[in-house]
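Visitor: Before we discuss this model, could you show it to me, so that I can ask how each label was earned?

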Amino acid sequence: MASKIILIGGCCATGKSTFSRVLSAHLRIPCFSKDTLKEHMGDAFNKECAQMLAHGSSATFNVMLHIAEMHLQTGAPCILESNFKNIETGQLRALITQYNADCLSYAFMGDLHKLYDRYISRDESGARHWVHSTGAALGRDNFVNGHLYWEMDRVNIGKVIRVNATDFANVSHPALLALAEEFMEANV
């Protein structure tokens, strides 16, 4: 039986992290989030190391890639969650191909201008960890153009489920969970 991996990727402020926690608990398999790894790195260092943490996204992706490989080597399933950039998606695709693994991808997307407003609102709430750059400093144009340049909504490995999260009321977690259950049960 092939190893199984679930990717939860897409645009910022689409509810990827929330869904990944729900999915992890539902399936009882571990989820590794790039943002969470970056936050733990930040806690281990401190704000004075902010310059070093500027490269935290690529460093934490490398850690995630290693974790994924360890799971694929042992046949243990896992979930990876991030706003994967196109180059990262390519590295994941190569790893999944190398281990002949089955992959289910959720691509969370939405209207980038509305997502930016949600991103700013979340930043202003003070709920975000200090390692994350603020959307206000980033600016709307850079937010939108960065998502387009890095193709963050193009997670396209294995079976792909596209989730329009412009309006959270239209996102059905039960339906998304059922698709993951089917994926995990296939060929068991």
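**Labels and their cut-offs**

Visitor: Why is Ser33 called buried?

Guide: Ser33 has a relative accessible area of 9%, and buried means under 20%, exposed over 50% and partly exposed in between, with a 1.4 Å probe and protein chains only, so Ser33 is buried. This is a predicted model, in which local features need pLDDT of at least 70 and side-chain atom pairs count only at pLDDT 80 or more, while totals for chains, interfaces and linings use all residues. Residues are numbered from 1 along each chain as its sequence is written, and side-chain values use heavy atoms, with hydrogens and water left out.

Visitor: Where does Ser33 sit, and what does Ser33 touch?

Guide: Ser33 belongs to strand β2, strands being DSSP runs of E with at least two residues and helices runs of H or I with at least four, numbered from the N terminus. Leaving out residues up to four places away in sequence, Ser33 touches Ser17, Met64 and Glu81, where contact means heavy atoms within 4.5 Å.

Visitor: How do you know that β2 (residues 31–33) and β3 pair?

Guide: Two strands pair if DSSP finds at least two bridges between them, and β2 and β3 have three, in the parallel sense, so the condition is met. Four bridges likewise join β1 to β3, also running parallel. Leu80 in β3 is the bridge partner of Leu7 and also the bridge partner of Phe32.

Visitor: Which way do the residues of β3 point?

Guide: Cys78 and Leu80 point one way, Ile79 and Glu81 point the other way, and all four are buried.

Visitor: What makes a group of residues a nonpolar core, and which residues have the most contacts inside the largest one?

Guide: A nonpolar core is a set of buried Ala, Val, Leu, Ile, Met, Phe, Trp, Tyr and Cys residues joined through side-chain atoms within 4.5 Å. The largest has 29 residues, and those with the most contacts inside it are Ile5, Leu7, Leu80, Phe84, Leu92, Ile96 and Phe143. Another core, of 19 residues, lies apart from that one and includes Ile8, Leu23, Leu27 and Ile79. In soluble globular proteins, nonpolar side chains tend to be buried together.

Visitor: How do you know that Leu104 is buried?

Guide: Leu104, in strand β4 (residues 102–109), has a relative accessible area of 0%, so Leu104 counts as buried. Beyond residues up to four places away in sequence, its contacts include Ile5, Leu7, Ile157 and Phe183.

Visitor: Why is Cys31 not counted in a disulfide?

Guide: A disulfide is a pair of cysteine sulfur atoms within 2.5 Å, and the sulfur of Cys31 is 8.5 Å from the closest cysteine sulfur, in Cys78, which is too far for a bond. The structure holds zero disulfides; Cys11 is in none either, the nearest cysteine sulfur, that of Cys12, being 7.4 Å away. At 24% relative accessibility Cys31 is partly exposed, whereas Cys11, at 3%, is buried.

Visitor: How do you know that the length of α4 agrees with what its residues should span?

Guide: The expected span of a helix is 1.5 Å times one less than its number of residues, so the 19 residues of α4 should span 27 Å, and its end C-alpha atoms are indeed 27 Å apart. Among the buried residues of α4 are Phe61, Met64, Leu65 and Ala68, and just after α4, Gly75 takes a positive phi of about 80°.
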